Each structure stands twice: as structure tokens, then as C-alpha cells.
Amino acid sequence: MTVVAPGSVAAVQKRTILTLVATQAVGAMGITIGIATASLLARDLSGSESMAGLSQTTQVLGAAVAAYVLGRVMDARGRRFGLLAGYVLGATGGLLAVLAGVVGSMALLLVGAVLLGATTAANNAARYAATDLAPARSRARALSVVVWATTFGAVIGPNLTGVAELFSDAVGIPVLTGPFALGAMGMLAAALVVGVFLRPDPLLVAREGAPVVERPNGTSWRRALAVIRARPALAAAVAGQAAAHATMVAVMVMTPLHMEHGGAGLEIIGLVISGHVLGMFAFAPIAGWLADRVGRADVMALGGGVLLVALVLCAAAPEGSSGRIFVGLFLLGLGWSLATIAAATSVADHTPLEVRADVQGTADLIMGVAAAAAGAVSGVVVDLAGYPALALGTIMLVAVLFGAAYVARRAA
């Protein structure tokens, strides 16, 4: 273990942030490049539109499980080892998705999607890594800078759909699998960056400088739940984060199908998804600044308000391409950004150092399971009642977010 002098902690934090920024930029490209085509590939392999959202739903569920597993790995070995494992597993999943398209196997696509979720879990864990050594007064800004870095890869990713088509033609793989092949390359690049440069490990450095505290007894799951139950503000943050993420996933995964029904091509769908991702990440520093200045709970509520407007616009959007779907998806991302940055920072605020990675992994597990359930239901709702019904029905999740913000404000 490397011992870091107290005066060097700020330098370690700066190096950590720079490394995480670079990692997020390339890792996000790897995971978002397939968003625009995932539901279309699942529909073609399964032969059913009601199964179209299953690929991304499975990926979200994989991210949930991976969040918990990677949290345990980080608790034992530090952030670097856990992030590295997440990106390598994600790259493996991307390659399996390509193979699924080649052999025409829906089952193999779902296995690949589960592993792809590990990259999402790693990206989420990276935002917590940014807070390990950050002062409380600027913790939200540190977290938001890493989220903001995702903008570069995440916005570029969906717009590489055309490049992916050319790549798939060149190597002889199905056109809808090209994005997954390029995505795997991005994930391996992220693994390389974090493996080489995330030294010393921020979580291990934070533990070196903290008083020795005896860890609670029991399994990591029991420890994490006990900590969450004992702290109302933490429980509210976990619930708010889950509700905001489930809202975003439920509507986002079915938007490409809704647009395709109206004749929109892959390029236009990719552009809409890019606008959505821009809303998710580009304004993250503003969300972080607000969370530090006006409070985590108030920014969670603000995010809920933006999500509410987004859902109304999406419900009113006709099939195909329209101004309402562009603006609605952008606001869906922006509302998600405000709510989840505030909630994730609150999770970091209220989690004891001795169980930090366990609790954060459990919080992301709960968030992922909620989103996976919402994504699974979304395909059925669209198939039976249509996209507008999905958007309006999702307002119930926003109500949960408002409730969590209220509890967090009272408990602060």
C-alpha cells in the first residue's frame, strides 16, 4: 500500500479527476454507441416488438448486479481494480452482442447485454471515486465533472451509427451489430486508461488518512442495508436516484422504436439520442454547482420538475421525427442529470467511509433494478397502449422522486 502524505492528497485528487475524465470520455462512447440500435437488433432477433426493449432492459439489470459486485471488489481492492474489471467485462459483452447478430441468437444477445452492463456500473462507480478525496463543500462539483466528461464520448457515440454501418460492411457483420463492435474498442481503451493512470487509488488513500473504525458485522448486503435504514437522508437519496433513473430508462429505450414507426432513419434517431445524452451529461457541472450551493434535496426536486415537462412533451410527440421528441428527450436527460447528481452526492455525503463502496454499490444495484423493471414494462406498455401512454404513466415515478426530495430536505 502506498502511503500518501497529507499535503499530497490534493495532488492525488487532481490526478484522480483527470484520469476519471479521460476514462469516462472513451468509456461512454463504448456504451452509448449501441443505444440507437439495441432495441432494433432485439426486435429483429426475437421477431417481436414487445421484446424490443429487452436487450437494454437486460443491460440495465446487468449494470445493477455488476454495481453490487464491483462495489464489493472495490471495498476489498480499491477503485482501480473494480473499474478495470467493469470495462473488460463490458468489452466482452459488446463482442458477444456482435456474435449474437452473426448467428441470429437472442439468448446470446441477452448474455452480452448483461456483461455490457458492467461498463455502465463502472461508469457510475467512477462518479463516486471522484468524491473519495473531495472536500464536502465541493463534493457535488467533483462528482459532476466526471459525469460531465461523459459528454464527449456519449454524444459522439450515437452519431457514429453511420461509421458503424460502414465498419460492419467492411468486416462482414450485420449492420446493427457494428455499433457494438466499435463500442467494445472504446471500453478496452477505457480499461487501459484506468489501469495505467489511476494510481494511487483514491479510496485506499482516503482510508489511510481516516481514523480506524471497526466495520459492522454481517454480509456486505446486510451492512449496506443497515446503514441505509439508519439514515433517512441516505434512504431518500437512494430512492430518488432510483426513481429518476427508472423514469429516464423507461422512456428512452422505447423512443427509437416510436420514431422508426413514423419512418425516421437511423441517422435521425441517433441525433435525437445524442440530444438526450447531451442533456444527461453536458450540464452536469451546473447541476453540481447548484447541489453544492442550494442543497441536494432542492436540486432533486428541480430535476423532477424538468422530468415532468419532458414526459408531457414525449406523450404529445407523433411517431417519427418531431420537435417535441427532440426537446422531450433532451429534457429527459437534463432532468435525470439534475436529480441523479444531487442524489448521488447525497449518497456520498451520508455514507461512512468504512462501508462506502458497499453502500454505493447497493445504491446503484437498487437504481439498476428499478430501471430494469421500468424498461421491461415499457415494451409491453408500448405494444398494448402506445408510446404516449408509456410517457404519461411514467409520471408516477416522478411522484416518487418528489417524495424522496421532500424526505431528504426534512432529514437534512
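User: In this predicted model, how many of the 20 residues of α8 are buried?

Analyst: A residue is called buried when its relative accessible area is under 20%, and by that reading 14 of the 20 residues of α8 are buried, so the helix is mostly covered. Please keep in mind throughout that the coordinates come from a predicted model.

User: What span should the 20 residues of α8 have, and how far apart are its end C-alpha atoms?

Analyst: The general idea is to compare the length expected from a rise of 1.5 Å a residue with the distance between the end C-alpha atoms; for α8, which covers residues 178–197, the expected span is 28 Å and the end C-alpha atoms are 29 Å apart, which agrees. The check can be repeated on α3, residues 54–77, where 24 residues should span 34 Å and the end C-alpha atoms are 33 Å apart, again in agreement. Just after α3 comes G78, whose phi is positive, near 105°.

User: Which peptide bond is cis, and where is P200 found?

Analyst: Here the omega angle is the value to read: the bond from R199 to P200 has omega near -5° and is cis. P200 is found in the loop that runs between α8 and α9, the latter being residues 202–208.

User: How do the axes of α11 and α15 cross?

Analyst: One reads the approach of the axes together with the angle between them, and for α11 (residues 232–252) and α15 (residues 296–316) the axes come within 11 Å and cross at roughly 20°. Since angles under 35 degrees count as roughly parallel, α11 is roughly parallel to α15. The crossing of these two helices is left-handed.

User: Which residues make the contact of α11 with α15?

Analyst: A general point about helices helps first: with 3.6 residues a turn, residues three or four places apart point the same way. In this contact, α11 contributes A236, G240, A244, T247 and V251, while α15 contributes M300, L307, L311 and C314. By class, the contact residues divide into 7 nonpolar and 2 polar, with no charged residue.

User: Is H245 of α11 buried or exposed, and what does H245 touch?

Analyst: H245, which lies in helix α11, is buried, with a relative accessible area of 11%. Leaving aside residues up to four places away in sequence, H245 touches W336, M367 and A371.

User: How do the axes of α15 and α16 cross?

Analyst: The axes of α15 and α16 come within 7 Å and cross at roughly 160°, and because angles over 145 degrees count as roughly antiparallel, these two helices are roughly antiparallel to each other. Their crossing is left-handed, and the contact has 22 nonpolar, 5 polar and 3 charged residues.

User: What can be said of the length and burial of α16?

Analyst: Helix α16, residues 323–350, has 28 residues and reaches 41 Å from its first C-alpha to its last, close to the 40 Å expected at 1.5 Å a residue. This helix is mostly covered, with 21 of its 28 residues buried. One residue that lies in α16 is G328, which is buried with a relative accessible area of 0%. G328 touches A310, L313 and C314, not counting residues up to four places away in sequence, and C314 also belongs to the contact of α11 with α15.

User: Where is G379 placed, and how far is its C-alpha from that of G112?

Analyst: G379 has its place in helix α17, residues 356–385, and counts as buried at 3% relative accessibility. G379 and G112 are 267 residues apart along the chain, and their C-alpha atoms are separated by 20 Å.

How values were computed:
Residues are numbered from 1 along each chain as its sequence is written. This is a predicted model: local features need pLDDT of at least 70, side-chain atom pairs count only at pLDDT 80 or more; totals for chains, interfaces and linings use all residues. Side-chain values use heavy atoms; hydrogens and water are left out. Axes are lines fitted to C-alpha atoms, for helices over the stretch in contact, and angles run from 0 to 180 degrees between N-to-C directions. Helices (H or I, at least four residues) and strands (E, at least two) are DSSP runs, numbered from the N terminus. Angles under 35 degrees count as roughly parallel, over 145 as roughly antiparallel, 65 to 115 as roughly perpendicular and the rest as oblique. A crossing is left-handed if the near helix is turned anticlockwise from the far one by less than a right angle, and right-handed if clockwise. Contact means heavy atoms within 4.5 Å. Ala, Val, Leu, Ile, Met, Phe, Trp, Tyr, Cys and Pro count as nonpolar, Asp, Glu, Lys and Arg as charged, and the others, Gly among them, as polar. Buried means under 20% relative accessible area, exposed over 50%, partly exposed in between (1.4 Å probe, protein chains only). The expected span of a helix is 1.5 Å times one less than its number of residues.
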